[in-house]
Amino acid sequence: MPSNKSELAARLAATQPGDAVRGLFFKAVFSLIQQRAGLAALEKVRVGDLAKDYSDLRTYPVREFLNLLYVAADALEQEMGAEDAVYHACGESNVTRYSTGPGMLIFGIISRGDPQKLFSGAQMGYSAAVTYGTREYVTTGPKSGTLRVRRDMLPPAYHEGILTGALKVLGLKGTAKAHPQGIDRVDYDITWE
């Protein structure tokens with residue numbers, strides 16, 4: 001089943017001029033498509049706005065990234081299943097890539113392997129990756145917390161992938177469960193072992 005284009009339209013409508021995301025996230029999704037579906041699938045995706053060469057640290061319109069995520073869901077449906085599974089995999093792939101590049105400071109020095117410190121610094125980490133939205137972390141227990149994300153129009157499953165992927169980067173197992181409050185407002189309950 002093709003990705004939900006009416007949801008995409010609603011997410012695109014929630015964007016504002018200047019909302020942008022780093023090129024490394026585009027490149028990580030392109031890499032995931034090629035790894036899972038092959039070069040021919042990637043070539044079908046790399047058309048129009050998505051045909052350009054992306055630089056890791058340069059920012060590009062989030063509208064392009066949203067379109068990429070939904071095109072990726074269509075390209076990877078046969079290999080990965082429902083679109084939420086694809087968005088989750090894209091988020092996990094992107095945080096893994098980010099943690100070895102621009103996010104190395106946040107993952108290595110600031111968090112020092114502590115998920116509470118990592119998620120408490122979510123606003124700083126996201127601000128280095130995107131130009132929009134706010135994130136507020138509230139500790140709910142020794143191994144849990146809630147990340148309140150506002151004015152971020154990416155699919156919740158994508159952020160669930162980022163959050164569980166961040167735990168994996170720290171060598172931990174855990175879950176992130178989205179509780180949408182609106183198209184661009186979601187609370188994520190995060191737990192880990």
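The following legends describe close-up views of a predicted model.

**View 1. Crossing of helices α2 and α5.** Helix α2 comprises residues 23–37 and helix α5 comprises residues 83–99; their axes come within 9 Å and cross at roughly 125°. Because of this angle, α2 is oblique to α5. The crossing of the two helices is right-handed.

**View 2. Residues at the contact of α2 with α5.** On the α2 side, the contact is made by L24, F25, A28, V29 and L32. On the α5 side, the contributing residues are A89, C90, S93, N94, R97 and Y98. By character, the residues of this contact divide into eight nonpolar, two polar and one charged.

**View 3. The open sheet of four strands.** Four strands, in the order β3-β4-β6-β5, form an open sheet with antiparallel pairing. Strands β3 and β5, the latter spanning 174–182, are the edge strands, and each pairs on one side only. From one strand to the next, the twist averages 20°.

**View 4. The hairpin of β3 and β4.** Strand β3 (residues 134–141) runs antiparallel to β4 and is joined to that strand by seven bridges. The two strands form a hairpin, with two residues between them. Within this pairing, T134 stands opposite R150 of β4.

**View 5. Strand β4 and its pairing with β6.** Strand β4, residues 144–150, is mostly covered, with five of its seven residues buried. Strand β6 (residues 185–192) pairs with β4 in the antiparallel sense over seven bridges. R150, which faces T134 in the hairpin, also stands opposite R185 in β6.

**View 6. Pairing of β5 with β6.** Eight bridges connect β5 and β6, which pair in the antiparallel sense. Among the paired positions, P180 has V186 in β6 as its bridge partner. Strand β5 is one of the edge strands of the sheet, and β6 stands between β4 and β5 in the strand order.

**View 7. Helix α9 across the sheet.** Helix α9, formed by residues 156–169, lies across three strands, namely β4, β5 and β6. Relative to β5, the helix runs at about 150°. Of the strands that α9 lies across, β4 is the one described above as mostly covered.

Methods:
Residues are numbered from 1 along each chain as its sequence is written. This is a predicted model: local features need pLDDT of at least 70, side-chain atom pairs count only at pLDDT 80 or more; totals for chains, interfaces and linings use all residues. Side-chain values use heavy atoms; hydrogens and water are left out. Axes are lines fitted to C-alpha atoms, for helices over the stretch in contact, and angles run from 0 to 180 degrees between N-to-C directions. Angles under 35 degrees count as roughly parallel, over 145 as roughly antiparallel, 65 to 115 as roughly perpendicular and the rest as oblique. A crossing is left-handed if the near helix is turned anticlockwise from the far one by less than a right angle, and right-handed if clockwise. Contact means heavy atoms within 4.5 Å. Ala, Val, Leu, Ile, Met, Phe, Trp, Tyr, Cys and Pro count as nonpolar, Asp, Glu, Lys and Arg as charged, and the others, Gly among them, as polar. Buried means under 20% relative accessible area, exposed over 50%, partly exposed in between (1.4 Å probe, protein chains only). Two strands pair if DSSP finds at least two bridges between them.
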